[in-house]
Amino acid sequence: MRILSFGDALPVKIYKRHSSFDKAVNFGDAGFCVCAVLPKVKQGPSTIVADNLDLFKNCSQIEITNEGVIINGVLYKKPENIYKSEILTQTLNLKQFKINCKNLLNCAKSTNAPQSLLVIFNKSLEPSFCNSFEKALLARYNQIIKEAENYEALLNLKGLGPGLTPAGDDFIAGVLTAMNFLEKVLPKDFKEEKNFLYKNLVTKNVLSALGLKMAYEGRVFERFKDLICLLAADNTADFNNIVNDIISCGATSGADTLAGFIFVLFTEVLNADKRHN
Amino acid sequence: MLIKGIIKKGAYFDSVSLMLTAQKASSLEGVRECSLVMGTNENKSILKTSDMLTPEFEAAVDSDLIIAVKAENDELADKALAQIEKMLKKSDDSPQGSSFKPRSIEGALKVLPNANIAIISVAGKYAAKLADEALDKGLNVMLFSDNVSVEDERSLKLKAAQKDLIVMGPDCGTAIINGVPLAFANNVNKGDIGCIGASGTGLQEVTCLVSNNGAGISQAIGTGGRDVKEAIGGIAFLQAVEALKQDGNTKIILLVSKPPHKDVLYKILESLKHAGKPVVSVFLGGEHEADYGQFNVTNCATLEEAALRAVNLSKNLEFVPLNDDGELERIAYEEAVKLKPEQKYLRGLFSGGTFVSEAQIVLNDIGEISSNAPMGNNKKTDNPLLSEGHTVIDFGEDEFTVGRPHPMIDFTLRNKRIIAEASDGTTAVILLDIVIGYGANMTPVEDIVPALNEAKNTALSNDRYIPVVACVTGTDMDPQNRSHVVKELQNAGVIVMHSNAQACRLAGKIIKAVK
């Protein structure tokens, strides 16, 4: 087995096996989770990318050290280049940035991500909420978004929706990521809003908790890093590929996180006086 | 109706497994609805709003999975829950390999040193490099992946040609090489008809029609849809022509494609001029005028005609055009009299892109057609999720497939659309394709019949009748067994035709009879 990538936010300690899927094996301790993944899942702050997961699937715990990861007594060293997950401060061409944000929003408005929170931008997704649970869920999404007079009100999305990590949790992770991004590139300060959302979003779901913690700390997974680079670039970007890549994560997780991210961009950059459409 | 469920404590299933399990469970016998959600307070509140909450679920916490089923009775609910647990267990079983699983082409060749084809199905940005590596190792390549650049495709195909190898693809989903079906392909009779296709579903249709009409296939070589465009110049197509010319088992050559660039078309025809074997072609929607006779090629208008001509050549019989007009007129009339005057429009819902093209060609006289993959003067639909007038939809297009299995595997979106079309008072006929074989949905009947029944009941509750016309592409030797699928569809009231072209002709006649 080769370790291809190592996240930069992995506390040194022992982690016990939490869950195992085809492309990912998770190890947890005290509310934090280390994810061993295949390259297709891509890099992240709390992620070890390996060329195969057999060893991870066949062990009950791993130990993260300063040198790498110990599995069944054997040390697998970190590669030289660690994945850097922090959003960097940068100067923007503001006019170009607004164009790129608009293009991203337009891309989201035409993206097919059934039963996801992208429905708040793309009404044609509404028919994908079919059974009575889904229809009630859609009504609740719409109600929360419509009535949210400030970001704190988005806390009502916590724990809501389908998926191993509920859709609402992913949305809020997207909101936190966007807030941290905008703080690095614009004269914005979301400290109060971020603290309120994060501190009140207590969940026993370890995977949700991990995503929220990373987002709160301004650490991004590879796909969102790529997205941020495109947004901040000094040229007009095409967002189709990256959006498709993001929404291919999970059943709706990627799409829900993207929805939260775009929600903040829309509010703060494109339409400071109004909310969504 | 009653609600029943279980809580799986600390159970972690990935979201896609949860979604797919919930979808499959919703079509179990007696199940009206199924939800698999984490036990957060908020989700419990939604379950309560949708009358799916039971007192037992109150005890669930964030990290628990709630499985809630609304079913006709206790027994069916218990049965459904047991099935759901089985499905989840199946998705949870990680492959515990004690046998070596190679992680590279080099590793794979150590296990199979005599392999001569590599099938590559990875994300597009990695595919070209892997294909290049396979060529370096002397392997032919079937490139299932898409999102490979034109430049990479051209470079790979030129390299392959120099090495006397072939690259089938990118986006090549179907091939049959020396009788072995690869990727999305069917179990067909072996015989003397060699096919070349820049169209996966097109190859599946012609190979199955050939087999179902008593002839057989020597080879079916896919080239990928872009091969016959100007940028690639037909490199793989021309290599395949040479291969079939030389193949001793091939006596008849059958070409299937969307229209090639005119220069490419002429190159292909020129290469066939002295093939020494009869050649039949179908270039769907081709607008280029070419004197096919000069090149000893018989060009056909539909996949069905091309397949039947090839069959007759194989059997040394004179080609007699299919004379089904009378029978189709009769069926069309019988169906049309059951419709209300406001039922005017055709709704074609397809999983195969080539069938969408063929449908628009066959149905060119019913009026303007909207499509998300329009041909000729047809209109591009404003919203592929909503029909307007006569509508033909390709559910294999990106807007339906990103992050989802292909519609030949997962019928969910199309099933929902079938039901939606039944609610539309202007729908006169629903037209479908069902493609079976390797790679396709293994339980097509179980997956589509409940949706067809619900559509029928929806129409009936509004005092309407909507005929459903379908074709089933496949053979009895396929795992799903074509005859079984046809029989079950007929039992569900579907009018099943022997080819896509025939199904389209019937649907068109119903529309005209209503007028």
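Against which helices of chain A do the buried residues of helix 8 of chain A pack? In this predicted model, they pack against helix 2 (94-109), helix 7 (222-232) and helix 9 (253-270) of chain A. Helix 8 (240-247) also supplies at least two residues of the side of chain A that touches chain B, and the points below take up that contact before returning to the helix itself.

**Extent of the contact**

- The contact between the two chains draws 42 residues from chain A and 38 residues from chain B.
- The size of an interface is often given as the accessible area lost when the parts come together.
- Here chain A and chain B bury about 3300 Å² between them, and 57% of that area lies on carbon and sulfur atoms.
- Of the area that chain A buries against chain B, 19% comes from N112(A), F133(A) and L164(A), which is more than any other three residues supply.

**Pairs across the interface**

- Between chain A and chain B, eight residue pairs are found in polar contact, with both residues at pLDDT 80 or more, whereas the number of salt bridges found across this interface is zero.

**The side of chain A that touches chain B**

- Strand 2 (13-20), helix 1 (54-57), helix 3 (132-147) and helix 8 (240-247) of chain A each supply at least two residues to this side, and helix 3 gives the most, with five residues.
- Sorted by kind, the residues on this side of chain A comprise 21 polar, 13 nonpolar and eight charged ones.

**Helix 8 of chain A**

- The buried residues in helix 8 of chain A include I242(A), V243(A), D245(A), I246(A) and I247(A).

Key. Residues are numbered from 1 along each chain as its sequence is written. Chains are lettered from A and ligands numbered from 1 in the order in which they are written. This is a predicted model: local features need pLDDT of at least 70, side-chain atom pairs count only at pLDDT 80 or more; totals for chains, interfaces and linings use all residues. Side-chain values use heavy atoms; hydrogens and water are left out. Contact means heavy atoms within 4.5 Å. Buried area is the accessible area (1.4 Å probe) that two parts lose on being put together, summed over both. A salt bridge is a side-chain nitrogen of Lys or Arg within 4 Å of a carboxyl oxygen of Asp or Glu. A polar contact is a pair of N or O atoms within 3.5 Å; within protein, one must be able to donate a hydrogen and the other to accept it, and residues adjacent in sequence count only if both atoms are side-chain atoms. Helices (H or I, at least four residues) and strands (E, at least two) are DSSP runs, numbered from the N terminus. Ala, Val, Leu, Ile, Met, Phe, Trp, Tyr, Cys and Pro count as nonpolar, Asp, Glu, Lys and Arg as charged, and the others, Gly among them, as polar. Buried means under 20% relative accessible area, exposed over 50%, partly exposed in between (1.4 Å probe, protein chains only).
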